[in-house]
Amino acid sequence: MGIMGSYDFDEVDNAIEIGKAEGAKVLCGGDRLTGGIYDEGYYPAPTLLEGTNGFHPQE
């Protein structure tokens, strides 16, 4: 399973994509970790975005 389930991973990935679509620049990360134990679960890479965007509260 990894650090989170597939639904949670998709939520994190979606948040990153929204930030990028709104003009944020990915300074590092933004992808899924792969290789070794990371291939056996859902591990997002630590991600840092730069820029401003709208507020999107989680439901």
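This short presentation describes the fold, the contacts and the surface charge of one protein chain.

Good morning, colleagues. The model under discussion is a predicted one. I shall begin with the overall architecture.

The chain contains one helix and two strands. In sequence order, these elements give the pattern α-β-β. Of its 59 residues, 15% count as buried. Helix α1 covers residues 6–21, while strands β1 and β2 span residues 25–28 and 48–50 respectively.

Let me turn to the two strands. Leu-49 belongs to strand β2. Its C-alpha atom is separated by 4.6 Å from that of Val-26, although these positions lie 23 residues apart along the chain when counted as sequence separation. With a relative accessible area of 31%, Leu-49 is classed as partly exposed, because the buried class requires a value under 20%.

Next, the loop between β1 and β2. Leu-33 is located in this loop. The C-alpha atoms of Leu-33 and Pro-44 are 5.7 Å apart in space, and the two residues are 11 apart in sequence. Leu-33 has a relative accessibility of 26% and is therefore partly exposed.

I now come to the aromatic contacts. How many aromatic pairs does the model contain? The count is two. One is formed by Phe-9 and Tyr-42, with 6.1 Å from centre to centre and 45° between the planes. This geometry is termed tilted, because the angle is neither under 30 degrees, as stacking would require, nor over 60, as an edge-to-face arrangement would require. Which parts of the chain does the pair of Phe-9 and Tyr-42 tie together? Phe-9 lies in helix α1 and Tyr-42 in the loop between β1 and β2, so the pair links parts that are 33 residues apart in sequence. As to accessibility, Phe-9 is buried, at 11% relative accessible area, whereas Tyr-42 is partly exposed, at 28%.

The other pair consists of Tyr-38 and Tyr-43. Here the centres are 5.1 Å apart and the planes meet at 80°, an edge-to-face arrangement. Tyr-38 is partly exposed, with a relative accessibility of 32%.

We may now consider charge. Side chains of opposite charge can pair when their charged atoms come close. A search of the whole structure identifies one salt bridge. It joins Lys-20 to Glu-17, and the closest N and O atoms are 3.2 Å apart. The contact qualifies because this distance is within the 4 Å limit. Both residues belong to helix α1, where they are three residues apart, about one turn of the helix. Are the partners buried or exposed? Lys-20 counts as partly exposed, at 36%, and Glu-17 also counts as partly exposed, at 36%.

On the surface there is also a negative patch, made up of Asp-8, Asp-10, Glu-11, Asp-13 and Asp-31. Among them, Asp-10 is placed in helix α1. Its relative accessibility is 49%, so Asp-10 is partly exposed, given that the exposed class requires a value over 50%.

One further position deserves mention. Glu-22 is situated in the loop between α1 and β1. At 35% relative accessibility, Glu-22 counts as partly exposed. Its C-alpha atom is 8.9 Å from that of Gly-51, and the two residues are 29 apart in sequence.

To close, I return to three points. The chain has the pattern α-β-β. Phe-9 of helix α1 pairs with Tyr-42 of the loop between β1 and β2. Helix α1 also holds the salt bridge partners Lys-20 and Glu-17. Thank you for your attention.

Methods:
Residues numbered from 1 in each chain as written. Predicted model: local features only at pLDDT ≥ 70, side-chain atom pairs only at ≥ 80, totals over all residues. Heavy atoms only, no water. Patch = residues over 30% accessible without salt bridge, like charges linked within 9 Å, V, L, I, M, F, W, Y side chains within 5 Å. Areas by Shrake-Rupley, 256 points an atom, 1.4 Å probe, with all protein chains shown as cover. Salt bridge = Lys/Arg side-chain N within 4 Å of Asp/Glu carboxyl O. Lys, Arg positive; Asp, Glu negative; His and termini not counted. Charge placed at Lys NZ, Arg CZ, Asp CG, Glu CD. Helix = DSSP H or I, 4+ residues; strand = E, 2+ residues; numbered from the N terminus. Buried < 20%, exposed > 50% of the residue type's maximum accessible area, 1.4 Å probe, protein only. Phe/Tyr/Trp six-rings, centres within 6.5 Å; stacked < 30°, edge-to-face > 60°.
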